[in-house]
Amino acid sequence: MLMRRLTPENGKADLAEAYAYPPDLDGPWVRANMVASADGAATWEGRSGGLGGEADRHLFQFLRGLADVIVVGAGTVRAEGYGPARPDASWEGLRVGRPGTPAIAIVSRSLDLDFTAPIFTAAAPDARTIVLTVRDADPDRLRAAREHAEVITVGRAGCDFAPAFARLAEMGHRRVLCEGGPHLLAQVAAAGALDELCLTVSPVLASGDAPRVLNGTALPPAGRLRLAHVIEDSDDEGFLFLRYVRSR
Ligand SMILES: NC(=O)c1ccc[n+]([C@@H]2O[C@H](COP(=O)([O-])OP(=O)(O)OC[C@H]3O[C@@H](n4cnc5c(N)ncnc54)[C@H](OP(=O)(O)O)[C@@H]3O)[C@@H](O)[C@H]2O)c1
């Protein structure tokens, strides 16, 4: 068995090229971006921020600039106090012909969401926040959601992700960026709807009982992933940026 050592080329990674969505998409392409510690934890003291670094935050923002919509679970919205996406200096030239920011789409069954929070009240008019929920959601909360967001209902007990992403694509949101959390991402993968995983490996050990980046729902026998690239941060902080694409 011949094994290859990946050595730094000392060349600047062209992130726009490395992370370009497939061209001419006629349906959704679902990319997830997650960070994990070297021992696989997706959280540190209940949040992901403690696992990140400067380069990770840069890539997080850059991937937002490439996306039409950011899909996130309500658990992450509540834990991380999500607001609307804000333009970033790294986005120059990335959003020509598109709204200045991607919309945020929150997945929630309970609709236990604060509709007076900036994520609903401060979103740009051309990037209104979207709520993906179930047909049997509480009628009062559904009414409140409809007052403050675009609402898509798909599925009964839980959102069905293939039709949910198809609906987003019909709205022009084909380049999907899923920012987790782990419970949502496991369901998206189990539905066969995850095309790509961008995984930041953070050079820390977390131990404890933190979840992995996919957590909960078991997956059917897995389709393999293809490693599309490995990028390391240039400040020698020790972060690795892996991009896996689903083999078809
Ligand atoms: N390492 C990373 O990159 C990363 C990324 C994101 C988040 N995180 C961390 O992960 C934690 C949160 O993740 P989590 O796994 O607990 O929560 P999550 O996946 O963000 O959200 C789970 C919630 O999403 C909704 N949901 C999920 N599947 C659904 C379906 N099929 N239909 C309808 N609604 C559905 C439900 O909301 P309702 O309860 O409202 O019904 C559910 O409680 C936080 O600690 C956060 O900091 C880490």
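A salt bridge is here a side-chain nitrogen of Lys or Arg within 4 Å of a carboxyl oxygen of Asp or Glu. In the predicted model, the side chains of R128 and E150 satisfy this criterion, with an N to O distance of 3.0 Å. The contact links distant parts of the chain, since R128 belongs to the loop between α4 and β4 (130–133) whereas E150 belongs to strand β5, and 22 residues separate the two in sequence. R128 is partly exposed at 33% relative accessibility, and E150 is likewise assigned as partly exposed at 33%. Strand β5 itself covers residues 150–153. E150 is also related in space to F120: the two residues are 30 apart in sequence, and their C-alpha atoms are 10.0 Å apart.

In total, the structure holds 11 salt bridges. Side chains of opposite charge can pair when their charged atoms come close. One such contact joins R47 to E80, where the closest N and O atoms are 3.6 Å apart. This pair, too, links distant parts of the chain: R47 is placed in the loop between β1 and α2, E80 is placed in helix α3 (residues 74–80), and the separation is 33 residues. R47 has a relative accessible area of 42% and is therefore partly exposed; E80, at 23%, also counts as partly exposed.

A further salt bridge is formed by the side chains of D112 and R141, at 3.9 Å from N to O. Here the loop between β3 (103–107) and α4 (118–121), which carries D112, is linked to helix α5 (residues 139–148), which carries R141; the two residues are 29 apart and lie in distant parts of the chain. Both partners are partly exposed, D112 with a relative accessibility of 43% and R141 with a relative accessible area of 36%. Beyond these pairs, R31, E196 and R243 are linked in a network of salt bridges.

Aromatic contacts were examined next. A search of the whole structure finds two aromatic pairs. In the pair formed by F115 and F120, the ring centres are 4.9 Å apart and the planes stand at 50 degrees, so the arrangement is classed as tilted. The angle falls between the limits of 30 degrees for stacked rings and 60 degrees for edge-to-face rings. F115 has a relative accessible area of 9% and is therefore buried. F120 is buried as well, with a relative accessible area of 9%. The cut-off for this assignment is under 20% relative accessible area.

The surface carries both charged and nonpolar patches. A negative patch is formed by E54, E232, D235, D236 and E237. Of these residues, E232 is located in strand β8, which spans residues 225–232. E232 has a relative accessible area of 42% and is thus partly exposed; this value meets the patch criterion because residues need over 30% relative accessible area to be included. A nonpolar patch of about 330 Å² is made by L6, L227, V230 and L240. V230 is located in strand β8, and its relative accessible area of 34% makes V230 partly exposed.

The backbone shows several features that merit separate description. Most residues other than glycine have a negative phi, and most peptide bonds are trans. E45, in contrast, has a positive phi near 50 degrees. E45 is found in the loop between β1 (29–37) and α2 (54–66), and its relative accessible area of 74% places E45 among exposed residues. A positive phi near 50 degrees is also present at S207, again a residue other than glycine. S207 is situated in the loop between β7 (196–202) and β8, where S207 counts as exposed at 53% relative accessibility. The peptide bond joining G180 and G181 is cis, with omega at about 0 degrees. G181 is located in the loop between β6 (175–178) and α7 (182–190).

Conventions:
Residues are numbered from 1 along each chain as its sequence is written. This is a predicted model: local features need pLDDT of at least 70, side-chain atom pairs count only at pLDDT 80 or more; totals for chains, interfaces and linings use all residues. Side-chain values use heavy atoms; hydrogens and water are left out. Patches are made of residues with over 30% relative accessible area and no salt bridge: like charges are joined within 9 Å, nonpolar side chains (Val, Leu, Ile, Met, Phe, Trp, Tyr) within 5 Å. Accessible areas come from the Shrake-Rupley method with a 1.4 Å probe; for residues, only the protein chains shown count as cover. Lys and Arg count as positive and Asp and Glu as negative; His and the chain ends are not counted. The place of a charge is taken as NZ of Lys, CZ of Arg, CG of Asp or CD of Glu. Helices (H or I, at least four residues) and strands (E, at least two) are DSSP runs, numbered from the N terminus. Buried means under 20% relative accessible area, exposed over 50%, partly exposed in between (1.4 Å probe, protein chains only). Rings of Phe, Tyr and Trp (its six-membered ring) pair if their centres lie within 6.5 Å; planes under 30 degrees apart count as stacked, over 60 as edge-to-face and the rest as tilted.
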